[in-house]
Amino acid sequence: MNRVVHPIEQESFRRLRARLDTSHFARLSRAVVERVIHSAADLEYATDLVLDEGELAKAHTALHAGAPVVVDVEMVAAGITRRETVCRLKDATSGPGLTRSAHAIRLAYEEVGPGALWVIGCAPTALEELLTLDASPALVIGLPVGFVGAAESKAALRESGLPAVSNVSEKGGSAVAAAALNALLYTPLSSPASPSEEKQ
């Protein structure tokens, strides 16, 4: 099903590209970078994001084949409008050495098993917990935000060797995490359109 792009969104992407040349990025990387920047109006994500086109391509295929999408909080889920997501935060509880967000990740893994796409935009402890599991993810979008643990958890994600989208700085959040997943959802499996046309 084709996505109808509102004229305001089209103009927003036109202005983004007028201010930042993204043509050197490969197809899916460009999609993610542009949509994350668009969600935050922050051009610095062009150099802050860490991603790999080959990993994105495999995740893109899995996503469009129906792989589950797990999110850490409902705010991320609310930003993903074209796919049902799994969020177990309301079922989770905190305990000694375990945050509610981390427990929610455990519960979600018990539900979906390996091969899911994980979208973490709020809690560094959720990302840290995911890294302790044998989740074999199709992709981890690890973009939690904050001054405590966010940058460190994203560094640990990169060091894990898991297929991932992350960023180096402390910034991030639910909107940008959802935007990264939406970029893959909105990009068709194959398209004759130019990259600039695909990324709106």
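This note goes through the sheet, its crossovers, the cysteines, one pocket and two loop residues of a predicted model.

1. Overall sheet. The predicted model contains an open sheet of 5 strands, in which the order is β1-β5-β4-β3-β2 and the pairing is mixed. The edges are formed by β1 (49-50) and β2 (69-71), each of which pairs on one side only. As general background, the strands of a sheet pair through backbone hydrogen bonds, and they do so either parallel or antiparallel.

2. The β1 edge. Strand β1 runs antiparallel to β5 (residues 164-167), and 2 bridges join these strands. For a reader who wishes to locate this pairing in the coordinates, Leu49 is the residue to start from, since it stands opposite Asn167 in β5.

3. The β2 edge. On the other edge, strand β2 pairs with β3 in the parallel sense, over 3 bridges. Here Val69 stands opposite Leu117, which belongs to β3.

4. The pairing of β3 with β4. Strand β3 (residues 117-120) pairs with β4 in the parallel sense, and 4 bridges are found between them. Trp118 has Val140 of β4 as its bridge partner, while Ile120 has Gly142 of β4 as its partner. Between these strands the model places helix α7 (residues 124-132), and β3, α7 and β4 together make a right-handed β-α-β unit.

5. The pairing of β4 with β5. Strands β4 and β5 also pair in the parallel sense, with 2 bridges between them, and Val140 stands opposite Ala164 in β5. The chain passes from β4 through helix α8 (residues 150-160) to β5, in a β-α-β crossover that is right-handed. Val140 can therefore be followed in two directions when the sheet is inspected, as the bridge partner of Trp118 and as the residue opposite Ala164.

6. Which faces of β3 and β4 are covered? In β3, Leu117 and Val119 lie on one side and Trp118 and Ile120 on the other, and all of these residues are buried, so that both faces of the strand are covered. In β4 (residues 139-142), Leu139 and Ile141 point one way, Val140 and Gly142 point the other way, and all are buried. The general rule is that in a regular strand the side chains alternate between the two faces of the sheet.

7. Cysteines. Why is Cys87 not bonded to Cys122? The sulfur of Cys87 is 10.0 Å from its closest cysteine sulfur, in Cys122, which is too far for a bond, given that a disulfide requires sulfur atoms within 2.5 Å. Cys122 is likewise in no disulfide, and a search of the whole structure finds 0 disulfides. As to their surroundings, Cys87 is buried, with a relative accessible area of 11%, whereas Cys122 counts as partly exposed at 35% relative accessibility.

8. The second largest pocket. This pocket has a volume of about 160 Å³, and its lining consists of Ser12, Arg15, Leu16, Arg19, Ile37, His38, Ala41, Asp42 and Leu43. Helices α1 (7-19) and α2 (27-40) each supply at least two residues of that lining, and the largest share, 4 residues, comes from α1. Sorted by class, the lining has 4 nonpolar, 2 polar and 3 charged residues.

9. Lys90. This residue sits in the loop between α5 (74-79) and α6 (100-112). Is Lys90 buried or exposed? At 66% relative accessibility Lys90 counts as exposed, because the cut-off for that class is over 50%. Lys90 and Glu110 are 20 residues apart in sequence, and their C-alpha atoms are 15 Å apart in space.

10. Gly113. This residue is placed in the loop between α6 and β3, and at 14% relative accessibility Gly113 counts as buried, because that class covers values under 20%. The C-alpha atoms of Gly113 and Glu11 are separated by 40 Å, and these residues lie 102 residues apart along the chain.

Key
Residues are numbered from 1 along each chain as its sequence is written. This is a predicted model: local features need pLDDT of at least 70, side-chain atom pairs count only at pLDDT 80 or more; totals for chains, interfaces and linings use all residues. Side-chain values use heavy atoms; hydrogens and water are left out. On a 1 Å grid over the protein atoms alone, a cavity is a set of points where a 1.4 Å probe fits but cannot get out, and a pocket is an open set with protein on both sides within 12 Å along at least five of seven lines; lining residues have an atom within 4 Å of a point. Grid points are joined across faces, edges and corners, and a volume is the space filled by probe spheres set on the points. Ala, Val, Leu, Ile, Met, Phe, Trp, Tyr, Cys and Pro count as nonpolar, Asp, Glu, Lys and Arg as charged, and the others, Gly among them, as polar. Two strands pair if DSSP finds at least two bridges between them. Buried means under 20% relative accessible area, exposed over 50%, partly exposed in between (1.4 Å probe, protein chains only). A crossover is right-handed if, with the strands pointing away from the viewer, the path from the first strand over the helix to the second runs clockwise.
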